[in-house]
Amino acid sequence: MIRKQVFNSVGKSTPEELFVDIGLTIMCIDESNVIHFTSGDYKRYFVEEKKLPVNLVGTLLPEIEIQLLKCFEQIKYSDASTLRTNIYDTEDRKCITVEIRKTLKFQNKKKLYVVKLQNEVIATSHDAAYDKHLGLALNDFSKENTLNDALIKNENSEPKNKFKTFASTAGVGWIFLDLKLNILSCASEISHFFGVEFENSSKMIKKFAKAIVGYNIVDLCKQVLKTETLCVVEVQNNYGIWFSATIQLDRDDLGQPMGLLVSFFNIHEYKVKQLDNEKIINFFGKLVKNSPAVIMTYDVSKQQFSYVSSNIAKFAGYKQKKNDAFKNDFFESIIFPEDITLLKNHYQNVASKNASVPIQIEYRIVHKKTKEPLWLLATSSVYQRDKAGEVLSIITSTQNINETKKVKRELAEFTERVQAAFTCSRSAIWEWSNGKKNKAWWSKELCDLTGWTPEEIGCSFRQLLRFIHTDDKKSFISSLKSFTQKNKNYEQDIRIKTKENEFKWFKISANGNASSDKKLMKVVGTLTYIHENKEAENKLRKLNEELERFAYLASHDLKEPLNTITSFIGLFKEEFFDALEVDAKQYLQFIEEATIRMGSLIKDLMSYSQLENISLKRKSNNLNVIIENVLKDLNEAIQSSQATISVSELPKEVLCDQTQIRQLFQNLIANSIKYQRKNEAPYIEIGVREKKEYYEFFIKDNGIGIAKKHYKRIFDVFKRLHLPEEYEGNGIGLANCSRIMTNHHGTIWLTSELNSGTTFYFTLPK
Amino acid sequence: MKQMDCVLLVDDSLTANFYNKKILNTCHVTKEIVEVHNGEEALHFLKACEIQNKKKPNVIFLDINMPVMDGFEFLEEYMKFSDQFRSDILISLLTTSNWKNDMDKAKEKCDLIFDYIEKPLAKKDVEHVYDFYTANMKH
């Protein structure tokens, strides 16, 4: 019985395995049926698989043995050097091609034969012929007849499969060498294989070695002689044809080495296919491994994935497994539950549409650790169909689009926020992509704000000019021009005509692009609707002006009668004081004091109302000079209080309004002198600290100090902390200081400790 | 003590003029005191002096806030008189106003103005202008 063998060439890499694959067996037998060498698929013919057979008789499967021995007898007594015939395996209904060659080699004076057995399948259509031949082979002892008939049969028989063609054309050649590597005999195929003429000389082996590429055959032979082990290698001839070379030790009857058998088998077709296959597998493997895409195939009938490449695991935070593919249930387990149906529908969709155009779908898988869904994009198309054209499987390339999706979502959110911000702030964006050209772009908010359609607004500054108020046009053009030239930040309030034919205030602003290439300058800015603010601002300014005017007039008009009172109190006292009774003198004293107090109140009120921002005259001032003048003015108070004032060097050039800063110093120094503890002479220190963008001045005294809770309130107008009997004052001085600082974009604050002193700080920008 | 010939008081307030006259009289610095009630009247008076060759005032105490023509408007017109005519007249602004703008305006006209006095007029203010007049003005 012949053991069944399944052809399966994929995954087999050695020629020995290949021999088995294609059912090829090679044996070397001498006249006495002793087997000297066997290779390939011999096991199928022998009763005992494990033992290496030594003799044809008694070790082969009986029916094979009978037929094979018959063939052997035939060639032994024939003049022909080669015999080709078929023998048959009745059980498996198989035909085995036999080729026996006489060799020139003898061992123990016995001639050696090489037997090549090719196992093949016979299709059922040949059954009749098969039975006939089988009958002949088993029963007919007429040698000639069998031989001829077999030869004819061999020639006529058609190839049953590709392996048969392959095997029958695949040549086998051998060389016998003695221990000194002299060639004893050589099959004719050898010279055909390697393009060398055989000659009976000791140099032949070296000449022959040159014709073999890949290995030095001489070295290999020596190695086999030394190690006494079989050597199988793949070599090429000078034309690039692949051969499998087997070098085996040849032993005499006593088991002593007596030479080598080198056999060659043409494996070119197989090898080329294998190499191509390897290339494809390599390429595909690399592609799959390196590509960020996950490749998967989906079996439509089973409704499950037949292959999922392993990098899907990486996406989901699992360890990438060694084997390239994942099982269907693993993959399905990591799909975001809500998306399973979605994905199945997708495959149904691809299958039913039956189109070759890929269909895409976005779905999610769940990350192992974070349990968060990750977005994937699947692109599927039909992979395999059956003969009827029905879709069998679908191939999908899947990409991780989680980051893209995240960025997209963030961008959408951001855009939405910006959009909302612009809408809320009633602003529009504009862009001027090329500073030299008139062309501009306005976002649609401008249309919402003005009521004009995008077409009406147009897309250039010139067109926008039509809507700008005549009074603002000139300054708009000139400031825009200087902006593009100087590349500084730009801001301007302009009036734009709306669809209702009303002019509304807008603030147009822009940021200069720092690009050095002016040609490519891109200006992006905003246009904000500020009409109400602007109107309120104007109203406020008018109100402020009115208020100041009112305060001035009120105080002026109050002062006028007060002056009269003061004047005549003076005259009255001068002319009639002596004649007055004591009580009358006292009353007059009260009237006079009240008048003086009212006068000073009115004066302060006026001074406060006059500290407006508009009349500010900012010039470069030497603060040392200002301080000098202040101290001169305060000379009387300094003398009477016995104050010590220490002034360090102050900046010589500060941009400020001289009058106001003078008033500031005067108020602060006067306060320091005024608010002094009893029986203590004031010690006042004036100095400055230079900061990066401003000067920080300080005026430090050793006075009564101010409680922390009053730090802010003391800057309020008419805020007094003391009774007039204790310390004089109207509570206007520090309010004025605070206003002066506001006018100068500075700040004023203090640190203090009760009963030990106060330090006032204020800043002036450089 | 040598007295000035004439002092011109320009003020719409009768009380103020009354008081100022009182002060001037106590100081005994002038023979004559003329009282007008706004810039226009002052201008007319000066023009009359110029045309009729009457005695000019040596000192003018000028209020700022007045109806018809205020102090500054008067100064504008006063500038139109010849330098020679103006050369021996001293003008002191005598006003309740200590508004910054008024002060600044006054400073702009400092070549025309001798002094800036806040009401009420005090004896020392009178003495100040009198001393300067007697020391510097030709007679």
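User: pLDDT is the predictor's confidence in each residue, from 0 to 100; what is its mean over chain A?

Analyst: This is a predicted model, in which local features need pLDDT of at least 70, side-chain atom pairs count only at pLDDT 80 or more, and totals for chains, interfaces and linings use all residues. Residues are numbered from 1 along each chain as its sequence is written, while chains are lettered from A and ligands numbered from 1 in the order in which they are written. In chain A, 81% of the residues reach a pLDDT of 70 or more, and the mean is 77.

User: How many contacts beyond near neighbours in sequence does the stretch 134-170 of chain A have in the model?

Analyst: Two residues are in contact if their C-beta atoms, placed from the backbone, lie within 7 Å. The pLDDT is below 50 over residues 122-128 of chain A, where the model has 6 contacts beyond near neighbours in sequence. Residues 134-170 of chain A also have a pLDDT below 50, and the corresponding number of contacts for this stretch is 40.

User: Which domains of chain A contribute at least three residues each to the largest nonpolar core?

Analyst: A nonpolar core is a set of buried Ala, Val, Leu, Ile, Met, Phe, Trp, Tyr and Cys residues joined through C-beta atoms within 7 Å; a residue is buried if 20 or more other C-beta atoms lie within 10 Å of its own, exposed if 12 or fewer, and partly exposed in between, with C-beta atoms placed from the backbone. The largest core has 55 residues, and A:V262 is among those that touch the most other members. With bounds taken from an automatic or database domain assignment, the contributors are domain 1 (1-169) and domain 2 (171-268).

User: What angle does helix 22 of chain A make with strand 26 of chain A?

Analyst: Helices (H or I, at least four residues) and strands (E, at least two) are DSSP runs numbered from the N terminus, and two strands pair if DSSP finds at least two bridges between them. On this basis 5 strands of chain A form an open sheet of mixed pairing, in the order 23-25-26-28-27, in which 6 bridges join strand 27 to the antiparallel strand 28 (residues 757-765). Helix 22 (residues 658-674) packs on the sheet and touches strand 25 (683-690), strand 26 (694-700) and strand 28. Axes are lines fitted to C-alpha atoms, for helices over the stretch in contact, and angles run from 0 to 180 degrees between N-to-C directions; the angle with strand 26 is about 25°.

User: Is B:D12 buried or partly exposed?

Analyst: B:D12 is found in the loop between strand 1 (4-10) and helix 1 (14-27) of chain B. Not counting residues up to four places away in sequence, B:D12 touches B:H37, B:N38, B:D63, B:M66 and B:P67. Because B:D12 has 17 C-beta neighbours inside 10 Å, this residue counts as partly exposed.

User: What is the phi of B:N53?

Analyst: Most residues other than glycine have a negative phi. B:N53 is in the loop between helix 2 (39-52) and strand 3 (59-62) of chain B, and is exposed because only 8 C-beta neighbours are inside 10 Å. Although B:N53 is not a glycine, its phi is positive, at about 55°.

User: Which residue follows B:K119 across a cis peptide bond?

Analyst: Most peptide bonds are trans. The bond that leaves B:K119 is cis, with omega near 0°. In the loop between strand 5 (115-118) and helix 6 (123-136) of chain B, the residue that this bond reaches is B:P120.
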